[in-house]
Amino acid sequence: MAEAVKNGIFFFRRREVRRDGEEMAVLKEGLERTRTLINQAYSGFNATKDPDLIESYVFEINALQARYTYLLRRVKELEGREG
């Protein structure tokens, strides 16, 4: 019985590690995609002279930077759990 519990815990922890690894991959992909979107927004911002578009790009850049910060924080949390 104790052996079955140990095995159950072992498998549970193994799934948890796998889930963390999958989450880490998704987070890193999100970071890369968000970095690309930030660069595109900066390019658009630098290429326009229209005040409405400038304002739009400022909001977009701020939103993307907030998303990037969140994703980076989650990656660091998961790395802290692993190491």
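A residue is called buried when its relative accessible area is under 20%, exposed when that area is over 50%, and partly exposed in between. In the structure described here, which is a predicted model, Glu77 has a relative accessibility of 39% and therefore counts as partly exposed. This residue is a useful point of entry to the salt bridges of the chain, which come to 3 in number.

Glu77 forms a salt bridge with Arg74, and the closest N and O atoms of the two side chains are 2.5 Å apart. Both residues belong to helix 2, where a spacing of 3 residues places them about one turn of the helix from each other. The two partners fall into separate classes of accessibility, because Glu77, at 39%, is partly exposed, whereas Arg74, with a relative accessible area of 15%, is buried.

Arg74 also takes part in a salt bridge with Glu23, for which the distance from N to O is 2.4 Å. This pair links distant parts of the chain, since Glu23 lies in helix 1, which covers residues 2-47, while Arg74 lies in helix 2, which covers residues 51-82, and 51 residues separate the two. Glu23 has a relative accessibility of 27% and so counts as partly exposed. The side chains of Arg74 and Glu23 are, in addition, joined by a polar contact of 2.4 Å. When residues up to four places away in sequence are not counted, Arg74 touches Glu23, Leu27 and Arg81. Taken together, Glu23, Arg74 and Glu77 are linked in a network of salt bridges, and Arg74 is the residue that pairs both with Glu23 and with Glu77.

A further salt bridge is formed within helix 1 by Arg35 and Glu32, whose closest N and O atoms are 2.6 Å apart. Because these residues are 3 residues apart in helix 1, the separation between them is about one helical turn. Arg35 has a relative accessibility of 36% and is therefore classed as partly exposed, and Glu32, at 43%, likewise counts as partly exposed.

In outline, the model contains a salt bridge between Glu23 in helix 1 and Arg74 in helix 2, another between Glu77 and Arg74, both of which lie in helix 2, and another between Arg35 and Glu32, which are placed in helix 1.

Conventions: Residues are numbered from 1 along each chain as its sequence is written. This is a predicted model: local features need pLDDT of at least 70, side-chain atom pairs count only at pLDDT 80 or more; totals for chains, interfaces and linings use all residues. Side-chain values use heavy atoms; hydrogens and water are left out. A salt bridge is a side-chain nitrogen of Lys or Arg within 4 Å of a carboxyl oxygen of Asp or Glu. Helices (H or I, at least four residues) and strands (E, at least two) are DSSP runs, numbered from the N terminus. Buried means under 20% relative accessible area, exposed over 50%, partly exposed in between (1.4 Å probe, protein chains only). A polar contact is a pair of N or O atoms within 3.5 Å; within protein, one must be able to donate a hydrogen and the other to accept it, and residues adjacent in sequence count only if both atoms are side-chain atoms. Contact means heavy atoms within 4.5 Å.
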